[in-house]
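Work through the following exercises with the sequence and the model side by side. Each one sets a task and then takes the solution step by step.

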Amino acid sequence: MRSPTIKDVAERSQVSLKTVSRVINNEATVREGTRNKVLRVIAELGYKPDLSARSLRSARSYALGLVYDNPNPYYVIAVQSGVLSVCRESGYGLQIHPCNSNSPNLADELVHLARHARLAGLVLAPPMSERLELIRHLTENDIHVVRIISAAADPEDGFPCVYVDDRDAAYDITKHLIQLGHQRIGFLWGGEAHRSSPERYRGYESALKDYGIPLDKKLIIPGDYSFDDGFRGARKLLALKDRPTAIFGSNDEIAAGVLAAAKSSGLEVPYDLSIAGFEDSPFSKQSWPALTTAKQATEEIARHATQLLISEIDREENDVEKLTVVGNKGFSPQLVVRGSTGPARAAS
């Protein structure tokens, strides 16, 4: 059977094609009785408006873009899932755009993307979301943008965002390790291009300071948000004469790499080495032992960012019928204690 068309809806409703189009586009000029009749026929026929055609018939676009550059597939999948769920609820299409955040032409690339694909706005994931010069360029080109950023508080810089308090969560992880008796705690950075990395490092550093533990720079290793960098970084730390009794990886992929390095070195976790990660990705639950981590509601963060973006678009379009006021919102990852951390004992 062929799919029902807008013409089928118009014929059964006994109204014009233009009236059906107005109902689909939620125009306020349609009488309530007519609107309800058309919506009833749409439901009966199972008619689904074509979003691209809908955008062409009206001045308004009904498609959003998700822009990201992140080596962690679990993070990307969770963000996509959150954005897509709101798009489906709100009648928007979604175009997913992975990119190279280091490209010198990134700003022009995103302007071209938004205009060529007729996108109503962009959800920007880190690290692009944390570059104010990029945000300014996009908004100066009349592109709606909402950012997902790492920050302890709302930056209040005039650009809509959803912010995640990585610093406080990293503080809680480090405090947990200290309270287990660990004094030598290694820290493995994620990518420096991501604001979350220095935020998580500041949380680690602050906890050490508050508990009177000197900062040992030999225990701090640069790297990226990847399993391989976690493995390499852990091997360096475990080769130290006075090795750490605990290692905090900036995300769960790093921590999984640390776990592999510990096992390859013949160490038992958590008896010889405690390990903590961040984000509560599937890695943290599937490893053995399961990883202590900070649970980050990535999908819900992405949902709120998308709701905020649509709210900004409605405000710009003066769409009073659809307008739901959504503001900037902060999220705080929560400590989840699992089997990879335990009381400290002297290194052999």
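**Exercise 1: the first helix and its neighbour**

Task: determine which residues of helix α1 (residues 6-13) are buried, and how α1 and helix α2 (residues 17-24) are oriented to each other.

Solution: In this predicted model, the buried residues of α1 are Ile6, Asp8, Val9, Ala10 and Ser13. Just after α1 comes glutamine 14, which has a positive phi, near 60°. The next step is the pair of axes: those of α1 and α2 come within 9 Å and cross at roughly 110°. Since angles of 65 to 115 degrees count as roughly perpendicular, the two helices α1 and α2 are therefore assigned to that class. In the contact, α1 contributes Ile6, Lys7, Val9 and Ala10, while α2 contributes Leu17, Val20, Ser21 and Ile24. Sorted by class, the contact of α1 with α2 holds six nonpolar residues, one polar and one charged.

**Exercise 2: the packing of α8 and α9**

Task: classify the packing of helix α8 (residues 166-179) against helix α9 (residues 196-210) by angle, and describe the residues in contact.

Solution: The axes of α8 and α9 lie 7 Å apart, and the helices pack at an angle of about 40°. That angle makes α8 oblique to α9, and the crossing of the two is right-handed. From α8 the contact draws on Asp166, Arg167, Ala170, Tyr171, Thr174, Lys175 and Ile178, and from α9 on residues including Ser196, Glu199, Arg200, Tyr204 and Leu208. The class count for the contact of α8 with α9 is six nonpolar, four polar and seven charged residues.

**Exercise 3: cysteines and disulfides**

Task: establish how many disulfides the whole structure has, and whether cysteine 87 is buried or exposed.

Solution: A search of the whole structure gives zero disulfides. For cysteine 87, the nearest cysteine sulfur is that of cysteine 99, 18 Å away, whereas a disulfide requires sulfur atoms within 2.5 Å. Cysteine 87 has a relative accessible area of 1% and is buried. Cysteine 161 is likewise in no disulfide, the nearest cysteine sulfur being that of cysteine 99 at 19 Å. Cysteine 161 counts as buried, at 0% relative accessibility.

**Exercise 4: a histidine in a loop**

Task: locate histidine 194 and find which residues histidine 194 touches.

Solution: Histidine 194 sits in the loop between β6 (185-188) and α9. Its relative accessible area is 6%, so histidine 194 is buried. Leaving aside residues up to four places away in sequence, histidine 194 touches Asp69, Asn70, Pro126, Pro127, Glu130 and Tyr225.

Key
Residues are numbered from 1 along each chain as its sequence is written. This is a predicted model: local features need pLDDT of at least 70, side-chain atom pairs count only at pLDDT 80 or more; totals for chains, interfaces and linings use all residues. Side-chain values use heavy atoms; hydrogens and water are left out. Axes are lines fitted to C-alpha atoms, for helices over the stretch in contact, and angles run from 0 to 180 degrees between N-to-C directions. Helices (H or I, at least four residues) and strands (E, at least two) are DSSP runs, numbered from the N terminus. Angles under 35 degrees count as roughly parallel, over 145 as roughly antiparallel, 65 to 115 as roughly perpendicular and the rest as oblique. A crossing is left-handed if the near helix is turned anticlockwise from the far one by less than a right angle, and right-handed if clockwise. Contact means heavy atoms within 4.5 Å. Ala, Val, Leu, Ile, Met, Phe, Trp, Tyr, Cys and Pro count as nonpolar, Asp, Glu, Lys and Arg as charged, and the others, Gly among them, as polar. Buried means under 20% relative accessible area, exposed over 50%, partly exposed in between (1.4 Å probe, protein chains only).
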